[in-house]
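Thanks for making the time. I will walk through one structure, from the sheet outwards to the metal site and the charged pairs.

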Amino acid sequence: MSPRICPSILSCDPGGYADPTLLMMRGGADIIHLDVMDGQFVPPITFGADLAKSLSRQGDTPIEAHLMTLTPQAHFRAFTDAGCTRIIFHIETVAHAHRYCQQLREMGVEAGVAINPSTPASALEPLLDVMDLALVMTVNPGWGGQKLIGTCVDKVRAIRAMAPDLAIQVDGGIDPSTIGPVWDAGATDFVAGSYLMRAPSISEGIQELKSACGSKSL
Ligand code: DX5
Ligand code: ZN
């Protein structure tokens, strides 16, 4: 399989998300990644389902919501109604992760579960029968532009060993110099925010990331 690139709009100018989203869609994005922050689970506040609804009308590229919120289950319906096809919540925020994965599937969307750098890979083991995606945070959530934490790559390897066919996403510090080793460790889906904003163009950045898979240096 080939790597799937999931551009995040987090590093775009908040005054205008539509244009860069269109460039991401036209530039080869596999899915647009929306970082929803509530000011409680993580300090910043970003945006909600209304933005997801507006951006989903920009094109046919699917959109996913990465919910960095307490009580993420309170927002599942709003984001599915807004057109998101994959919803990711943090295991650290809920008491009933298994049931919430089931709920997401019943709503007709893919269920993603995220783990922070301090959460072990084994936390996902009881959920493997109901989840469609593991999101391994490779930075502490809340901000773009941080450096990838190398020990998180070992968790990707551990999850791949537990679940040979599961989609595994990594989020934070992904650029052409870091993506290769994470791909080799077994990740399939790569969130990229600040790198795409500093690339010569968004489409060239997406192509650079895809072609850097196969590089083995970290
Ligand atoms: C961080 C977010 C990321 C962020 C990644 O909490 O979940 O999606 O946008 O940004 P970069 O690619 O700049 O590390
Ligand atoms: Zn994210």
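**Strands, zinc and salt bridges**

In β5, glycine 112 is the bridge partner of isoleucine 88. Keep in mind throughout that this is a predicted model.

I start at that position and work outwards. Strands β4 and β5 are parallel, and five bridges hold the pairing. On the other side, β5, residues 110–115, is joined to β6, residues 133–137, by four bridges, again in the parallel sense. Glycine 112 appears here too, standing opposite leucine 133 in β6.

How enclosed is β5 by the rest of the structure? Five of its six residues are buried, so β5 is largely enclosed. Helix α4, residues 97–106, lies across β4 and β5. The angle between α4 and β4, which spans 86–90, is about 170°.

Now the whole sheet. As a general reminder, the strands of a sheet pair through backbone hydrogen bonds, and the pairing can be parallel or antiparallel. Here there is an open sheet of eight strands, paired in parallel, with the order β1-β8-β7-β6-β5-β4-β3-β2. The edges are β1, residues 4–7, and β2, residues 32–37, each of which pairs on one side only. From one strand to the next the twist averages 25°.

Next, the metal. Which residues coordinate the zinc ion, ligand 2? They are His33 through NE2, Asp35 through OD, His66 through ND1 and Asp171 through OD, at 2.0 to 2.3 Å. The site has six donor atoms, the angles among them run from 67 to 168°, and the geometry is octahedral. For those who like sequence patterns, the donor residues are spaced H-x1-D-x30-H-x104-D. Histidine 66 is in strand β3, residues 63–68, and aspartate 171 is in strand β7, residues 167–171, so this pair ties together parts that are 105 residues apart in sequence. Both histidine 66 and aspartate 171 are buried.

On to the charged pairs. In general, side chains of opposite charge can pair when their charged atoms come close. How many salt bridges are there? The count comes to seven, and I will go through some of them.

Take aspartate 189 and arginine 4: their side chains form a salt bridge with an N to O distance of 3.1 Å. Aspartate 189 belongs to strand β8, residues 189–192, and arginine 4 to strand β1, so the salt bridge ties together parts 185 residues apart in sequence. The two partners differ in burial class: aspartate 189 has 1% relative accessibility and counts as buried, whereas arginine 4, at 26%, is partly exposed.

Another salt bridge joins arginine 86 to glutamate 64, at 2.6 Å, N to O. Arginine 86 sits in strand β4 and glutamate 64 in strand β3, and the pair links distant parts of the chain, 22 residues apart. Is this pair buried or exposed? Arginine 86 is buried because its relative accessibility is 3%, and glutamate 64 is buried because its value is 0%; the cut-off for buried is under 20%.

These two pairs are not isolated from each other: Arg4, Glu64, Arg86 and Asp189 are linked in a network of salt bridges.

A further salt bridge is between aspartate 30 and lysine 210, at 3.4 Å, N to O. Aspartate 30 is in the loop between α1, residues 18–26, and β2, while lysine 210 is in helix α8, residues 202–212, so this contact ties together parts 180 residues apart in sequence. Aspartate 30 is partly exposed, with a relative accessible area of 22%, and lysine 210 is partly exposed at 27%.

Last, two threonines. Threonine 71 has a positive phi of about 45°, although it is not a glycine. It lies in the loop between β3 and α3, the helix at 76–81, and at 44% relative accessibility threonine 71 counts as partly exposed.

Threonine 80 is in helix α3 itself. Its relative accessible area is 12%, so threonine 80 is buried. What does threonine 80 contact, leaving aside its neighbours within four places in sequence? The contacts are Ile87, Met107 and Val109.

That is what I had to show.

Terms used:
Residues are numbered from 1 along each chain as its sequence is written. Chains are lettered from A and ligands numbered from 1 in the order in which they are written. This is a predicted model: local features need pLDDT of at least 70, side-chain atom pairs count only at pLDDT 80 or more; totals for chains, interfaces and linings use all residues. Side-chain values use heavy atoms; hydrogens and water are left out. Two strands pair if DSSP finds at least two bridges between them. Axes are lines fitted to C-alpha atoms, for helices over the stretch in contact, and angles run from 0 to 180 degrees between N-to-C directions. Contact means heavy atoms within 4.5 Å. Donors are N, O and S atoms within 2.8 Å of the metal (3.2 Å for Na, K and Ca); water is not among the atoms, so sites may look incomplete. Four donors count as tetrahedral if all angles lie between 85 and 135 degrees; four count as square planar and six as octahedral if opposite donors are over 155 degrees apart and all others between 65 and 115; anything else is irregular. Buried means under 20% relative accessible area, exposed over 50%, partly exposed in between (1.4 Å probe, protein chains only). A salt bridge is a side-chain nitrogen of Lys or Arg within 4 Å of a carboxyl oxygen of Asp or Glu.
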